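User: Please walk me through this model. I would like short answers with the criteria spelled out.

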Amino acid sequence: MRVFVLIWLTALSLGWFSAPGETWAAGSSAVHEYRLDNGMRILVKEDHRAPVAVSMVWYGAGSMDEFNGTTGVAHVLEHMMFKGTPKVPMGEFSRKIARAGGRDNAFTSRDYTAYFQTLHRDRLPLALELEADRMTNLLLTKEEFEKEIQVVMEERRWRTDDRPTALLYEALMATALKAHPYRQPVIGWMNDLQNMRVEDARDWYQRWYAPNNAILVVVGNVTGDEVHRLAREYFGAIPPRALPERKPQLEPDQRGMRRVVVKAPSELPSVYLAFRVPKLRDPEKDWEPYALDVLEGVLSGHEGARLTASLVRGSRLAASAGAGYQGTGRGPGFFLLTGTPSEGKTVAELEAALRAEVRRIAEEGVGREELDRVKAQVVAAQVFARDSMFAQASQMGALESIGLSHRTIDIMVDRIREVTPEQVQEVAARYFGDEALTVAVLDPQPLSQKRRAAPPAGARH
Amino acid sequence: MTARRSFGAYERIVRGVAWLCLLLVASIAGKAYALLPIQDWKTASGARVLLVVNNDLPMLDVSVDFPAGSGFDAPDKAGLASYTNHLLKLGAGGLSENEISQRTADVGAQLSGRFTADRAGLYLRTLSSTKERDRALDVMTRVLLQPEFPAEALAREKARGIAGLKEADTRPDTIASRAFRRLVFGDHPYGRRAAGEVETVSALTRADLLDFYRRHYVADRAVVSIMGDITRVEAERIAELLTSKLPRGGDAQASMPSVRALERPQSSVLSHPASQAHILVGGPGIRRSDPDYFPIFVGNYILGGGGFASRLNEEVRQKRGLAYSVYSAFVPLLREGPFQIGLQTRGDQAQAALKIVRETLSTFVTSGPSEQELEEAKNNLIGGFPMRIDSNRKIHEYLATIGFYDLPLDYLDRFVENIRKVSVNDIKAAFERRIQPERLVTVVVGGGVEPTAQP
């Protein structure tokens, strides 16, 4: 699930998804911002290195806005968005983009749903015209839904059911959270998919797909005014709609450690530890999320960072070990420690060793050198991110979709550079006790063992 | 995060193909001169250098590649090429493995190994400011020229690697691709796993790694690719720095055996508790130097390489909802790399899906694409050209490919022409020559499909 850590700087190890920052502000174009009368927002960043444009439409609704019984519907609707309108029949959307030399796709997260095209800058009008059309005119027929829901179930089998570590992560989140919808997997529970109807997708579409819940982000060889004009032309006439009230659904405090075991066919065990930690709400005033991010970098920001140096290369207790923290997002935050023990070692030993590494920082602090290293990586990663238009558009869209300004990117970088060793030590001391910890363990099962018979598929529609 | 289209195996394979096929933008740019002014020269030690200067961003990409991929592994030493490459960074020039990682991170640089069936090397991405760049290059130079292959690190990495092999061998996708490779390539090195096998990895010694390094990481077979914010003079200095002290004239003008065509259809059905059956169908494909390269490339886009636009996707996913991901791919290599069609589907649908795949392939090979399909494919491949070279990273990869596979420097300039002139008959003929639908390998793993079943 960490595959798409879109914006937060924990992603610096992922290279092209890292955030731009200081040199970005100085060395490249500013972001143009517009708002149409119907409430749709437009962000444009000029990048004139190639005759290309990346266009993205972000809807401010993700799986955390779903209700029990219809988990997965945000993602199902994302699939259905390619199934045609009266003007652009089934299959034609992608075909038109392909004929224009472009590529298109979409993704759904817990916080938002986004659709994108990458194409020659001259063909940008086509992308906008098609997006505007499916914002209001989606057909959503029962026939196409019945086929596509099968595809989504195959996707769930492929992505989760047959992948032991994906099952482990799913169980971790479902155990760590009791009330907040982040406990549901983005893909949805299989039984909810089996019982989903086209009406559920339609309800979702009518509830959330409105211009006043959408942000258009374009990065490329374009001008702000040009995109603004095109957006007005294609999206301007779409009427806004009242959006439903969102309940906060705050997670109650955790009162003690939780444990969950997942048995799945596999050779090696794994352990995931999730500690409840704060997330970024006020980019100017908050400091803990930045300190947690630096902590993540100190623990596993590169191959010589503490977890690998100590547990994989040093004591050889672990075959692999890592830390993860995503500081931005609408829901609750977690700091993850993960690992697979070496042959002959146990998950219990590894769990203790992972926590001991954090405790060592809580007790002894971190060196100035380690801190500077993390900061150097952050600064360089900002420059590298400018090599990808897609990464730049993703960063802006993801931040704006969760209610933070795209300018937060610069603020985050500055604040991270101000983090002190004491602050890192303080968050390491504060958030890594037993009280708000959830531990998930993968218990490997032999391949030869027969799977439990699948439960009845439930009522099909 | 969950997406509508799989970016998994499909993307990995197709990216390999895509990189080897950059298209010309002449139609778009309308310019007669080379799109990317590639400079190339040889270092004093005989290494080939390719350079594109671009100062838009204050960064630099540098790689050095050798014919040292897994295809050069001996049968009893499967995994050796990969371990040699991996161990470069684990102790070199007086630096410990942690010092190598830390020094690289200190200047925000990223240094990684590069590895395929043909190629192996190092890749560096760094800021171009002098201090950062030179420190990063210092680490890269030590790693490339003075690897120590510490016995301790090797022992540990072997243990980790073996654990990883055992884990991978529980996964249906690994089991399927291993079986597929073995049936397609027999005892050719392309049939072996890059990461090796438990027995062969267990037996690897430090002397093996040193020997492989000395024979394969040699100066006159090195390809240095440089892209970004740099001057020609500086690039020359860097290229000399990286290559002048490489091993010379490796005795082994390492050659790879030919790939034998399949003589008969073969199939393998393996049980696995996975809910989905993982299906692979294919055989040997084409060489990078194959004269049918462009017809095959365009044809495969139509068959199953073009994502949503492809025939396989239309038949298997869009019409019938049988799979989330279905693709076809050629991986052109020094020798005939694999052609494969892959998909995953619920076990009880495996036979139905397999039947559709075979019919779709067979029809395509027999009848070729329609004129309209061909036109649409050309529209995409030609119109989509700018996206293939819209970043430093992509251009750098293109340089490395041109250098390694010895493609002409005006490859780009001729590419549109090469795509344009592909005809329906060219594609039909090329597929008929390369793909015999009645003589393919089929592998099915998991989904409750029993080994006794007829695939």
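User: Which residue in β7(B) does B:D61 stand opposite?

Analyst: This is a predicted model, in which local features need pLDDT of at least 70, side-chain atom pairs count only at pLDDT 80 or more, and totals for chains, interfaces and linings use all residues. Residues are numbered from 1 along each chain as its sequence is written, while chains are lettered from A and ligands numbered from 1 in the order in which they are written. Strand β4 (residues 59-66) of chain B pairs with strand β7 (residues 223-228) of chain B in the antiparallel sense, over 6 bridges. Across from B:D61 in β7(B) stands B:M227.

User: Which are the edge strands of the open sheet in chain B?

Analyst: Two strands pair if DSSP finds at least two bridges between them; strands (E, at least two residues) and helices (H or I, at least four) are DSSP runs, numbered from the N terminus. In chain B, 6 strands form the open sheet with mixed pairing, in the order β2-β3-β7-β4-β6-β5. Each edge strand pairs on one side only, and these are β2 (39-42) and β5 (110-115) of chain B.

User: How many residues of strand β5 (residues 113-120) of chain A are buried?

Analyst: Buried means 20 or more other C-beta atoms within 10 Å of a residue's own, exposed 12 or fewer, partly exposed in between, with C-beta atoms placed from the backbone. β5(A) pairs antiparallel with strand β3 (residues 52-59) of chain A over 8 bridges, and with strand β4 (residues 103-108) of chain A over 6 bridges. The strand is mostly covered, and its buried count is 8 of 8.

User: Why do α11(B) and α12(B) count as roughly parallel?

Analyst: The axes of helix α11 (residues 293-305) and helix α12 (residues 311-318) of chain B come within 5 Å and cross at roughly 5 degrees. Axes are lines fitted to C-alpha atoms, for helices over the stretch in contact, with angles from 0 to 180 degrees between N-to-C directions. Angles under 35 degrees count as roughly parallel, so this crossing makes the pair roughly parallel.

User: Which helix gives the most to the largest nonpolar core?

Analyst: A nonpolar core is a set of buried Ala, Val, Leu, Ile, Met, Phe, Trp, Tyr and Cys residues joined through C-beta atoms within 7 Å. This one has 279 residues, and B:A353 is among those touching the most other members. The top contributor, with 9 residues, is helix α13 (residues 368-385) of chain A.

Technical notes: Angles under 35 degrees count as roughly parallel, over 145 as roughly antiparallel, 65 to 115 as roughly perpendicular and the rest as oblique.
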